[in-house]
Amino acid sequence: MAWLHTWAGLVLGWLMFVIFLFGTASYFQLEISRWMRPELRGGEVTDMALDAAARFLTARAPGAGRWSLSLPSGRGNEAMLVSWEPREGSEGDVGEAPLDPLTGQVVALRDTRGGEFLYTFHYQLHYMEWWLGRYLVIVAALAMLVALLSGIITHKKIFADFFLLRFGKGQRSWLDAHNVTGVLALPFHLMITYTGLVTLMFMAMPWAINASFPDRDALYGASSPAALNREASGNTAPSLPFSGLLDRARVAGDGFDPGYITIRNPGDAAAVAEIWPQNSRLVTRGRPIYLDGVTGTPLFAPSSRGAAAATQDVKIALHAGRFSLPVLRWLYFLSGVGGTLMITTGLVLWTVKRRAKLPDPARPHFGFRLVERLNIGVIGGAPAGISVYFLANRLLPLHLGHHADWEVNSLFIAWGALIVWTIARPAKRAWIEALTVCAILFGMVPVVNALTTARGFIPSLIARDWVFASFDGTMLAMSAACAFAAWKTASHKPRSASRGEARAFVEVAL
Amino acid sequence: MIHAASLLLSLVGFALSLLAMARHQQEWLGRKLPSAHGRALRRSGFLLLALAFIVTSIGPGWAYGAVSWFGWLTMAAAMVVTANANHERFLRKVRQ
């Protein structure tokens with residue numbers, strides 16, 4: 001079983017590391033998005049803004065087939081986003097515009113993918129076809145599940161040694177750290193890996209669909225009830241204002257927290273409003289409420305999606321944690337950090353364990369060198385890339401075309417540059433330098449933020465803007481952690497093998 | 001408030017289960033306890049962890065509470081592990 005754990009963990013370990021790292025950051029993807037759009041001041045959506053949105057849509061897309069309005073969640077991620085689509089078969093354009101949630105005026109936001117990119121990357125990767133990225137992630141997640149289950153058996157002392165962490169003992173300490181980060185958050189690791197596979201299950205296990213449905217669309221049609229729609233009557237009648245429709249939805253559904261509203265055939269006597277809740281519940285994915293667009297009376301609610309679909313919804317909710325309030329969100333995040341550290345220590349342990357047994361430690365064989373270099377390049381490089389992603393958001397000129405794409409490219413250029421640099425350096429120096437670069441880059445994020453926007457750490461604290469203040473604080477904590485790791489690596493003196501041998505000799509002699 | 005209570009209960013619960021283990025008794029107390037005491041410590045430790053689950057589920061319900069509970073268990077265990085890894089430094093401070 002040990003070989004299974006070693007090789008399942010090693011071969012896709014770097015991909016698992018990247019998935020865990022980006023996935024952990026994604027627990028704060030809305031907060032990251034907010035930080036990356038500093039033009040936008042958060043705040044509760046006002047009725048004035050809702051009325052302004054309706055006026056904007058009336059002027060911009062009067063004959064549209066549907067108007068949609070996406071409301072920012074309580075976490076204040078986005079602008080209020082309005083979008084419009086033409087009627088079927090008629091002329092007209094599709095478009096969207098961000099509005100300020102306080103005033104309803106159109107805001108000019110910098111072009112960025114925000115936290116959504118980190119989230120998408122963690123299940124789809126980048127610079128490749130989306131399906132290829134997802135299949136790679138599926139393979140890595142399967143390997144992770146195998147590594148976890150075989151790890152429980154391989155490291156069978158994890159429960160007897162539950163509290164054991166001994167520092168300064170070389171390989172023993174790495175093993176302790178791997179065991180402790182693994183076992184303390186073991187429920188999380190098992191849950192996140194399994195539910196992660198559930199989110200991609202139709203790609204991982206397509207045969208069940210083939211066996212029961214003629215094609216994929218038939219499955220989707222059967223598993224999600226069709227949206228309620230009415231033909232346009234041709235008679236005009238003023239639709240209720242957004243604020244009125246949202247209020248009625250709150251009354252119609254007990255504790256309903258609207259997140260998204262679509263009006264089909266706005267301005268027509270047969271207009272229908274479809275209102276979706278925010279993703280704030282664990283147990284049920286919200287179902288939409290349908291209202292008559294003119295009178296606001298509730299229309300029939302489509303039937304529920306059935307037990308299997310509900311089970312899938314809960315698993316996905318458990319994975320993504322969108323329902324969690326701030327404290328639980330931090331617990332999710334810290335458990336994710338634990339998982340990332342478990343993979344890190346596992347990968348490093350592979351080299352530590354084998355270095356002692358190398359015939360000539362100065363000239364290790366190819367496999368050892370490859371693992372060692374990938375460890376440095378991925379474990380040191382990916383966090384550096386993320387910090388550069390944040391820096392690029394502030395430093396790239398705003399008038400640059402494809403600003404969002406260049407932010408993403410900056411991430412991978414920095415990561416690639418660090419890999420090239422560390423390959424050319426001796427292993428220990430490479431670790432120290434990669435970690436130092438990470439510490440400097442993360443430390444620069446709050447500084448650059450303070451210099452390029454009016455929303456630095458201190459002003460954010462004064463304004464009680466906890467999202468901005470916590471973001472900068474987290475960057476400083478990351479910087480400190482990388483600096484600490486670099487310092488530990490630099491001050492580490494490998495105990496000479498001869499001393500250990502000498503002691504063994506003495507023990508035998510005595 | 002509930003979060004603090006949940007963390008505190010889990011912390012004490014894990015500290016008791018730590019002290020139920022012979023190896024850690026030696027480190028913290030300087031002697032081994034009779035096995036009956038160890039069993040009592042372990043049982044009360046698990047009892048407190050179970051109590052933490054009940055406390056965490058007050059208000060948000062057991063579904064949300066269970067997710068929170070696992071999170072706090074991890075945090076509390078990590079704190080106990082950190083304290084245990086530094087037990088020499090800890091004891092020196094206490095003795096002074």
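**Exercise 1. The nonpolar cores**

Task: Determine how many residues the largest nonpolar core of this predicted model has, and which residues have the most contacts inside it.

Solution. The largest nonpolar core of this predicted model comprises 104 residues. Inside this core, A:Leu435 and A:Cys438 have the most contacts. The next step is to follow A:Cys438 outward. When neighbours within four places in sequence are left aside, A:Cys438 is in contact with A:Gly380, A:Pro383, A:Ala384, A:Ser387 and A:Cys482. A second core, separate from the largest, has 30 residues; among them are A:Leu50, A:Ala52, A:Met80 and A:Val82.

**Exercise 2. A bent helix**

Task: State where helix H15 of chain A bends, and explain why H15(A) is described as largely enclosed.

Solution. Helix H15 of chain A covers residues 366-395. Its bend, of about 30°, is located at A:Gly381, and the proline A:Pro383 follows within four residues. For the second part, burial must be counted; a residue is buried if 20 or more other C-beta atoms lie within 10 Å of its own. Of the 30 residues of H15(A), 21 are buried, so the helix is largely enclosed by the rest of the structure.

**Exercise 3. Strand E5 and its partners**

Task: Identify the strands joined to E5(A) by bridges, give their direction, and decide whether E5(A) is largely enclosed or not.

Solution. Begin with strand E4 of chain A, residues 258-264, which is joined to E5(A) by six bridges; the two run antiparallel. Within this pair, A:Ile261 lies opposite A:Ile275 of E5(A). Next, four bridges connect E5(A) with strand E6 of chain A, residues 289-292, again in an antiparallel arrangement. Here A:Val272 is opposite A:Asp292 of E6(A). Finally, E5(A) spans residues 272-277, and five of its six residues are buried, so the strand is largely enclosed by the rest of the structure.

**Exercise 4. The contact between the chains**

Task: Describe the side of chain B that touches chain A by its elements and by its residue classes.

Solution. In total, 18 residues of chain B are in contact with 19 residues of chain A. On the chain B side, the elements giving two or more residues are helix H1 (2-19) and helix H4 (61-85). H4(B) gives the most, with 15 residues. Sorted by class, this side of chain B has twelve nonpolar residues, six polar ones and no charged ones.

**Exercise 5. Confidence in chain A**

Task: Find which stretch of chain A has a pLDDT below 50.

Solution. Chain A as a whole averages a pLDDT of 89, and 94% of its residues score at least 70. Over residues 497-510 of chain A, however, the pLDDT is below 50. Beyond near neighbours in sequence, this stretch has two contacts in the model. Predicted coordinates should not be read in detail where pLDDT is low.

Terms used. Residues are numbered from 1 along each chain as its sequence is written. Chains are lettered from A and ligands numbered from 1 in the order in which they are written. This is a predicted model: local features need pLDDT of at least 70, side-chain atom pairs count only at pLDDT 80 or more; totals for chains, interfaces and linings use all residues. A residue is buried if 20 or more other C-beta atoms lie within 10 Å of its own, exposed if 12 or fewer, and partly exposed in between; C-beta atoms are placed from the backbone. Two strands pair if DSSP finds at least two bridges between them. Two residues are in contact if their C-beta atoms, placed from the backbone, lie within 7 Å. Ala, Val, Leu, Ile, Met, Phe, Trp, Tyr, Cys and Pro count as nonpolar, Asp, Glu, Lys and Arg as charged, and the others, Gly among them, as polar. The bend at a residue is the angle between axes fitted to the seven residues ending there and the seven starting there. A nonpolar core is a set of buried Ala, Val, Leu, Ile, Met, Phe, Trp, Tyr and Cys residues joined through C-beta atoms within 7 Å. pLDDT is the predictor's confidence in each residue, from 0 to 100.
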